[in-house]
Amino acid sequence: MGLSAGLSKQSAPTRTFHHGADLDALNQRFKDSKPSEIMAFTIAEAENPVVFTNFRPLAIAFLHLVTRAKPDIPVIWVDHGYNTPETYRHIEKVIKLLDLNLYTYSPKMSAAHYNAVYGGIPPLDTPEHDFFSRTVKLEPFNRAMQELKPDVWLNGIRHDQNAHRKGLDVFTKGNHGTIRVAPMFHLREIDVEEYVYENDLPDNDVYFDPTKGEEHRECGLLLQK
């Protein structure tokens with residue numbers, strides 16, 4: 001029994017992605033790597049990776065990249081109920097095109113219910129808007145993470161999107177004990193546009209995120225600890 005226990009301990013695999021991992025070393029190792037190389041490494045090493053997407057403009061590039069590496073990866077989408085009709089039609093098209101393994105999470109209060117009780121989307125930078133963001137996006141997202149229990153949260157953020165993201169990197173600590181991996185982090189917007197064009201992918205041109213209001217703002221997911 002003692003020998004078996006010893007062998008069991010020796011053969012236990014070492015996890016690559018955990019909050020004690022040397023992320024500086026990983027970021028240094030992959031600083032000049034292609035997104036496909038980062039994706040391949042992450043998929044090979046992750047135990048339970050997930051993707052989060054909001055189907056915003058150019059998000060199709062990241063979804064295409066990740067599903068080429070792992071077609072059945074769980075894709076989390078929070079349907080806050082305020083998307084444009086064009087966005088909803090785009091989502092249906094992308095689900096079919098990429099055969100997404102989509103997990104849809106919605107707020108516990110519908111958009112119609114929220115509008116009736118609170119009078120619609122509140123002004124930015126107010127306590128009311130903070131409550132709105134928690135209600136329609138953060139709570140459903142946190143519920144998804146608690147239920148799916150991923151070790152890796154893959155996302156399509158880039159360094160050139162806003163000041164907060166410029167200070168991040170490919171591998172960073174995420175909430176719920178995850179490691180966030182952004183394979184396209186070092187790309188520029190024009191690089192992603194070229195990827196979409198070269199792969200003949202449909203894009204979403206009419207998009208609105210009620211929790212951000214303005215493109216350079218964060219919606220709150222990346223700010224959570």
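A salt bridge here is a side-chain nitrogen of Lys or Arg within 4 Å of a carboxyl oxygen of Asp or Glu. With that in hand: the structure, which is a predicted model, holds 7 salt bridges. I will go through some of them, then turn to the backbone, the surface and the interior.

Start in helix α7. Arg 143 and Glu 139 both lie in this helix, 4 residues apart, about one turn. Their side chains form a salt bridge, and the closest N and O atoms are 2.8 Å apart. Arg 143 has a relative accessible area of 19%, so it counts as buried, the cut-off being under 20%. Glu 139, at 27%, counts as partly exposed. The pair does not stand alone: Lys 108, Glu 139 and Arg 143 are linked in a network of salt bridges.

Next, Arg 158 and Asp 160. Their closest N and O atoms are 2.9 Å apart, again a salt bridge. Arg 158 is buried, with 7% relative accessibility, whereas Asp 160 is partly exposed at 34%.

One further pair is Lys 70 and Asp 72, with a salt bridge of 3.3 Å, N to O. Lys 70 is partly exposed at 24% relative accessible area, and Asp 72 is partly exposed at 47%.

Now the backbone. Where does Leu 58 sit? Leu 58 is in the loop between β1 (49–52) and α4 (59–69). Its phi is near 75°, a positive value in a residue other than glycine. Leu 58 is buried, at 15% relative accessible area. Lys 149 also has a positive phi, near 50°, and it lies in the loop between α7 (127–148) and β4 (152–154). Is Lys 149 buried or exposed? Lys 149 is exposed, with a relative accessible area of 61%.

On the surface, Val 117, Tyr 118 and Phe 131 make a nonpolar patch of about 270 Å². Of these, Tyr 118 belongs to helix α6 (residues 111–118) and is partly exposed, at 44% relative accessible area.

Last, the interior. How many cavities of 30 Å³ or more does a search of the whole structure find? The search finds 2. The second largest has a volume of about 30 Å³. Its lining consists of Phe 52, Thr 53, Asn 54, Trp 77, Val 78, His 80, Asn 83, Lys 137 and Tyr 207. By class, the lining divides into 4 nonpolar, 4 polar and 1 charged residue. Lys 137 is in the charged class.

Methods
Residues numbered from 1 in each chain as written. Predicted model: local features only at pLDDT ≥ 70, side-chain atom pairs only at ≥ 80, totals over all residues. Heavy atoms only, no water. 1 Å grid on protein atoms, 1.4 Å probe; cavity = no way out; pocket = protein on both sides within 12 Å on 5 of 7 lines; lining within 4 Å. Points joined across faces, edges and corners; volume = space filled by probe spheres on them. Patch = residues over 30% accessible without salt bridge, like charges linked within 9 Å, V, L, I, M, F, W, Y side chains within 5 Å. Areas by Shrake-Rupley, 256 points an atom, 1.4 Å probe, with all protein chains shown as cover. Helix = DSSP H or I, 4+ residues; strand = E, 2+ residues; numbered from the N terminus. Buried < 20%, exposed > 50% of the residue type's maximum accessible area, 1.4 Å probe, protein only.
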